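Here is a short note for a colleague who is opening this structure for the first time. The points run from the overall fold to single residues.

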Amino acid sequence: MGAGYLFIEAHEVIETKQLSNISIFAILFILASHQLNISRIYISLKKFAPASRYYRASSLMFIASLMAVLDASLDYLISSITPDSLAPPVLSSLFILGWGVNLIPVIFALIAMELFLPIMVAGPYTKAAEWHWDESASSN
C-alpha cells in the first residue's frame with residue numbers, strides 16, 4: 001500500500017513538473033543532515049565553538065529545504081489558477097510572493113555554506129591525538 005502511495009505521488013510530481021523542486025529539497029535536506037553530523041562530531045570532540053557554528057549552518061540549510069517545499073506548493077497553486085479567475089493585482093502579488101519564497105532558500109543556503117566552508121577548505125580543527133587513535137590496534 002505504501003509503495004502504491006509513493007507511485008501515485010511520484011506520478012503527480014512528474015505530471016506537475018515539480019521534479020526540480022523536489023530535487024532541490026532533497027539536496028538541501030541531505031546537506032543539512034551532513035552539516036548536523038559534522039556538528040555532532042565536534043561536540044564529541046568537545047569543540048563547542050565550531051559545533052555551534054555548524055549547527056547554525058545545519059539549521060539554516062534545513063529551513064531552506066522546507067522553504068523549497070513551500071515554493072513547490074506555491075508554484076502548484078499559481079499554475080492551477082486561471083488568469084481570468086483573479087484580479088491582476090492579486091495574481092501579481094502571488095508571483096511576487098512566489099519569487100520571495102524562492103529567494104529565501106537561496107539566501108539561507110548561501111549563508112549556511114559560508115558558515116560551513118571553513119571545514120570544507122581547512123578540514124577539522126583537531127590534532128591526531130584528539131581522535132583517540134590507538135596505534136597498537138592499527139599495527140595488528
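How many helices and how many strands make up the secondary structure of the protein chain?

1. The secondary structure comes to five helices and zero strands, and read along the sequence the protein chain follows the pattern α-α-α-α-α. Please keep in mind while reading that this is a predicted model, and that every value below was computed from it.

2. On the scale of the whole chain, 26% of the 140 residues count as buried, while the surface that the protein chain exposes amounts to about 9,700 Å², with carbon and sulfur atoms supplying 71% of it. Among the contacts with a separation of 6 or more, 74% are accounted for by residues that stand 24 or more positions apart in the protein chain.

3. The largest nonpolar core has 16 residues, and those with the most contacts inside it are L28, I38, Y42, Y54, M61, F116 and I119. Two or more residues of this core are given by each of the elements α2, α3 and α4, and the largest share, seven residues, comes from α3. To take one member as an example, I38 touches Y54, F116 and I119 when residues up to four places away in sequence are not counted. A second, separate core of seven residues includes M67, L74, I81 and L91.

4. Which residues does Q35, whose place is in helix α2, contact once its neighbours within four places in sequence are left aside? They are Y54, A57, S58, M61, A112, M113 and F116, and of these Y54, M61 and F116 also appear among the residues with the most contacts inside the largest nonpolar core. Q35 counts as buried because its relative accessible area is 1%, and the cut-off for that class is under 20%.

5. A search of the whole structure finds four aromatic pairs. One of them is formed by Y42 and Y54, a tilted pair with 5.6 Å centre to centre and 45 degrees between the planes. This pair links distant parts of the chain, since Y42 lies in helix α2 (residues 19-44) and Y54 in helix α3 (residues 48-80), 12 residues apart. Both Y42 and Y54 are buried. In addition, F25, F29 and F62 form one aromatic cluster.

6. Turning to the surface, a nonpolar patch is formed by W99, L103, V106, I107, L110 and I111, which together have about 570 Å² of accessible area. I107, one of these residues, lies in helix α4 (residues 88-122). Is I107 to be called exposed or partly exposed? With a relative accessibility of 39%, I107 counts as partly exposed, because that class takes in the values between the limit for buried, under 20%, and the limit for exposed, over 50%.

7. A last point concerns the backbone at K46, which is found in the loop between α2 and α3. Phi of K46 is near 60 degrees, a positive value in a residue other than glycine, and it deserves a look because most residues other than glycine have a negative phi. K46 is also exposed, with a relative accessible area of 61%, so the side of the cut-off on which K46 falls is clear, exposed being over 50%.

Technical notes
Residues numbered from 1 in each chain as written. Predicted model: local features only at pLDDT ≥ 70, side-chain atom pairs only at ≥ 80, totals over all residues. Heavy atoms only, no water. Patch = residues over 30% accessible without salt bridge, like charges linked within 9 Å, V, L, I, M, F, W, Y side chains within 5 Å. Areas by Shrake-Rupley, 256 points an atom, 1.4 Å probe, with all protein chains shown as cover. Salt bridge = Lys/Arg side-chain N within 4 Å of Asp/Glu carboxyl O. Helix = DSSP H or I, 4+ residues; strand = E, 2+ residues; numbered from the N terminus. Buried < 20%, exposed > 50% of the residue type's maximum accessible area, 1.4 Å probe, protein only. Phe/Tyr/Trp six-rings, centres within 6.5 Å; stacked < 30°, edge-to-face > 60°. Contact = heavy atoms within 4.5 Å. Core = buried A, V, L, I, M, F, W, Y, C linked by side-chain atoms within 4.5 Å.
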